[in-house]
Amino acid sequence: MRMSQLFAPTLREVPAEAETISHQYLLRAGMIRKIAAGIYNYLPLAQRVLQKIERIVREEMDKQGGQELQMPALHPADLWLESGRWDVYGKELFRLQDRHERDYCLGPTHEEVITDLVRREVSSYRQLPLLLYQIQTKFRDEIRPRFGLIRGREFTMKDLYSFDKDEEGLAVSYQKMYHAYSEVFRRCGLKFRVVEADTGAIGGSDSHEFVVIAETGESEIAYCDECNYAANVERAEAVLEVEGSSPTAQGELELASTPGMTTISEVADFLAVDPRGLIKTLVYLAIDKEDYQPVVVLLRGDREVNEIKLQNYLGCLHLALADADTVQKITGAPVGFAGPVGLKDVRIIADEEVPHIVNGVCGANRADYHWVNVNPGRDFAITEVADIRKVVAGDKCKVCGHALKTTRGIEVGHIFKLGTKYSEAMGATFLDEKGNKKPFVMGCYGIGIPRTMAAAIEQNHDDKGIIWPMPIAPYQVVVVPVNSKIEEQMKVAEELYAALQGAGIEVVLDDRDERAGVKFNDADLIGFPLRITIGSRSLKEGKVEIKKRRTGEILLVEREQVVATLQELIRAEIEIGAQD
Ligand SMILES: [Zn+2]
């Protein structure tokens, strides 16, 4: 490809709409353009990256016995009513009607459609296991589409569904996909972690996320270097640590004046106590359809609520912090002065650390006052104790006891054991060895393709632009003659361009009549892994310069050796996969 012909309208300025690094660079490198919120055109450079990711995905799915098919994006509502998700899925589901006023939706995922297909066509255990997948467009009506391709409303996904005759079969299929996903991200040249995940709206028992590590990522994970335990902080658990081996005498409950002190740090500073000795008291609303119940939540002062753990514990559809009026109604005091002492007729849920607080401090349910020397059990009753706190770095690993670390990343793959949730709801059965009717045991496995491209950029960039991992780079090499007006430079560039193409190397020739600086900047922005610079000085010695985008390392190579050297560099980087 010649740069003069390449449809990649690069931008000098950072577009105002871009919130993340990947969004900025995808726009600036002329790879994507927005058509509406969360909906994008993919320009040729992006399309090449996506196709490379898809090729790797296809190869790994096929290696595990996956069979590719294609399902529609438009789904009749009947199927979603059968599974029960028409009502549960909420506003993220794009719903529409045809001219006969029949309901449809644009599929955000395909459990219903594939279960319907398999229940019609598969009747015997002899036809199992089945691993069926597609790479197809999905739709999700995000409330706030953002971060470019990270949270879009229309996106491509690889989704595979496994059908087995029993749990043991599902465990095998799940393990195959776990392995395949690890291979996919390794072969894409990405650093990633596999973490335990919350199963959320899809349901099911086991679930793992594949997270590409990047400081700018939207999800936070806790992990242990000693034993490989890793979990999304939405779900991560840690050992309960109780301090103070020598029992402290319980002091007398006292009222302390704390004028205008409403936050944990204000109260801790004012009373000169450790925030860990405070009892943080929050009022939440547990919401189920029309109905909602206030609940009071207690945590150690230095802790944050893990709302996902709390919601799972309460088993409600939604969860929200109560408004100031509700807090006033429940506690009799403005926000900032709530405490459990004397509260009646409301559920109080304490994190498992709270019962161990001795001589603590909490709000007195009275403006500008706190209780000191509060002792759980003596001064208020704890009836419900649960693990509802967010894990932080330094908490102890529940598997091996070492200190956990935290990092950020972007979820690019997610695998679930669904069990019989969908097959039972939709009456999808087969006959087992004894002729008994059994529901299929299912799993589902998804990879966001554009998301993987964006995550690759979040992980691999510098202040000049993208640094593509070789296996998914749109082109492997760019050839840059320093001055296109000098005939000899252009002649050598054209010869090399032809030779590299002949050798099967993916190459762009920057044949534009631009200053060298402009060409170098574009090469860095687009992120070609290797740049060949053809300048007068090295040519005199019969050499050209190869520069590695990632390290900046420069190799001076004889002209006759260029093709072989590049082939070797490219092969090595594709084989190694992710490098530390
Ligand atoms: Zn550990």
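Mentor: In this predicted model, two strands are taken to pair when DSSP finds at least two bridges between them.

Trainee: Which residue stands opposite Pro76 in β6?

Mentor: Strand β4 covers residues 74-76, and 3 bridges join β4 to strand β6, residues 103-106, with the two running antiparallel. Within β6, the residue that stands opposite Pro76 is Tyr104.

Trainee: Which are the edge strands of the open sheet with the order β4-β6-β5?

Mentor: This open sheet has 3 strands in the order β4-β6-β5, and their pairing is antiparallel. An edge strand pairs on one side only, and this holds for β4 (74-76) and β5 (94-97).

Trainee: By how many degrees are neighbouring strands of this sheet turned against each other on average?

Mentor: The order β4-β6-β5 shows which strands are neighbours. With direction ignored, the average turn between neighbouring strands is 35 degrees.

Trainee: Between which domains does the largest nonpolar core lie, and why?

Mentor: The largest nonpolar core has 111 residues, and those with the most contacts inside it are Leu26, Val477 and Val479. Helix α2, residues 44-63, gives the most to this core, with 8 residues. Because both domains give residues to this core, it lies between domain 1 (21-220 + 413-458) and domain 3 (475-576).

Trainee: Which residues does Val477 touch, leaving aside those up to four places away in sequence?

Mentor: Val477 is among the residues with the most contacts inside the largest nonpolar core. Not counting residues up to four places away in sequence, Val477 touches Leu500, Ile505, Glu506, Val507, Phe528, Leu530, Ile532 and Leu566.

Terms used: Residues numbered from 1 in each chain as written. Predicted model: local features only at pLDDT ≥ 70, side-chain atom pairs only at ≥ 80, totals over all residues. Core = buried A, V, L, I, M, F, W, Y, C linked by C-beta atoms within 7 Å. Buried ≥ 20, exposed ≤ 12 C-beta atoms within 10 Å, placed from the backbone. Helix = DSSP H or I, 4+ residues; strand = E, 2+ residues; numbered from the N terminus. Domains from an automatic or database assignment. Contact = placed C-beta atoms within 7 Å. Axes fitted to C-alpha atoms, helices over the stretch in contact; angles between N-to-C directions.
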